Amino acid sequence: MPYMRGRNLAGPVIDRLAAAPHKAFADSAAWEAYLAALGLDELAVEPNPIKIATEGAMWGAIRHHGFLADTVVVSDDAGQFRIGEHALCWVHAEWLVHKLIPMTPDQRQAVDIMRQLIWWFYRDLKSYQADPCPPKGSRTAGPLRAPVQTTNRLRHARPPAGPAASPQA
């Protein structure tokens, strides 16, 4: 039911589904007959109650049977992928950094540095994927930690003093 609520399925439709005694179905024909008996096939509304109820039932069955228990869905934050544990794909996270509108030279520099670090980290990951066990003492042994250390330094940096400084920084 949380899936259906999160997809804005109408409250009365969710109430009908929750109150109904049947919770398991032999096949898709039985499921579709059940939805028709509840009158959902006659509703011409958005979001489509049959689609949302079916997606919710499938996700509920997956969770109920313990499948994909530790799975994290990584996506571009599109609504249809916001199920279970969800994470934003790091490439799409870079898009969010790209959308920032820096107002000062320091902010512009910070945005540029973060974008460079994201792509640097990506190149290092690709190198690691190609050779996960580089020879001891090679250049690829340490670079994967550097972006995280730099990010932490930027996060803990103090904003400039003065009236234009943000109190939330």
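User: Where does Pro47 sit in the chain?

Analyst: Keep in mind that this is a predicted model. Pro47 isn't part of a helix here; its place is in the loop between H3 and H4.

User: Which peptide bond is cis, with omega near 0°?

Analyst: Stay with that proline in the loop between H3 and H4, Pro47. The bond leading into Pro47 has omega near 0°, and the cis peptide bond is the one from Glu46 to Pro47.

User: What order do the elements of the chain run in, from the N terminus on?

Analyst: There are 7 helices and 2 strands to place. Starting at the N terminus, the order is α-α-α-α-β-β-α-α-α.

User: Which residues have the most contacts inside the largest nonpolar core?

Analyst: As background, nonpolar side chains tend to be buried together in soluble globular proteins. The largest nonpolar core here has 17 residues, and the elements giving it two or more residues are H1 (2-6), H2 (11-19), H3 (28-37) and H4 (49-64). The residues with the most contacts inside this core are Met4, Leu9, Leu17, Tyr34 and Leu35.

User: Leaving aside its neighbours within four places in sequence, which residues is Tyr34 in contact with?

Analyst: Tyr34 is one of the residues with the most contacts inside the largest core, and it also forms an aromatic cluster with Phe25 and Trp31. Once neighbours within four places in sequence are dropped, its contacts are Leu17, Ala20, His22 and Phe25.

User: Why is the pair of Phe25 and Trp31 classed the way it is, by its planes?

Analyst: A search of the whole structure turns up 4 aromatic pairs. For Phe25 and Trp31, the ring centres are 5.1 Å apart, which is within the 6.5 Å cut-off for a pair. Their planes are at 70°, and anything over 60 degrees goes in one class, so this pair is edge-to-face.

User: Is Trp31 buried or exposed?

Analyst: Its ring partner Phe25 has 27% relative accessibility and counts as partly exposed. Trp31 has a relative accessible area of 13%, and the cut-off for burial is under 20%, so Trp31 is buried.

User: How are Trp119 and Tyr122 separated in helix H6?

Analyst: Their rings pair edge-to-face, with centres 5.7 Å apart and planes at 80°. Trp119 is partly exposed at 31% relative accessibility, and Tyr122 is partly exposed at 30%. Both belong to helix H6 (residues 105-130), and because they are 3 residues apart there, the separation is about one helical turn.

User: Which element gives the most to the lining of the second largest pocket?

Analyst: This pocket holds about 580 Å³ of space. Its lining has 22 residues, with Lys23, Phe25, Trp31, Ala57 and Ala61 nearest the centre. H1, H3 and H4 each give two or more residues to the lining, and the top contributor, with 8 residues, is H4.

User: What is the phi of Asn8?

Analyst: Asn8 is found in the loop between H1 and H2, and at 60% relative accessible area it is exposed. Although Asn8 is not a glycine, its phi is positive, at about 65°.

User: What value is phi of Leu68 near?

Analyst: Leu68 lies in the loop between H4 and strand S1 (72-75). It counts as partly exposed, with 46% relative accessibility. This residue other than glycine has a positive phi, near 55°.

Technical notes:
Residues numbered from 1 in each chain as written. Heavy atoms only, no water. Helix = DSSP H or I, 4+ residues; strand = E, 2+ residues; numbered from the N terminus. Core = buried A, V, L, I, M, F, W, Y, C linked by side-chain atoms within 4.5 Å. Buried < 20%, exposed > 50% of the residue type's maximum accessible area, 1.4 Å probe, protein only. Contact = heavy atoms within 4.5 Å. Phe/Tyr/Trp six-rings, centres within 6.5 Å; stacked < 30°, edge-to-face > 60°. 1 Å grid on protein atoms, 1.4 Å probe; cavity = no way out; pocket = protein on both sides within 12 Å on 5 of 7 lines; lining within 4 Å. Points joined across faces, edges and corners; volume = space filled by probe spheres on them.
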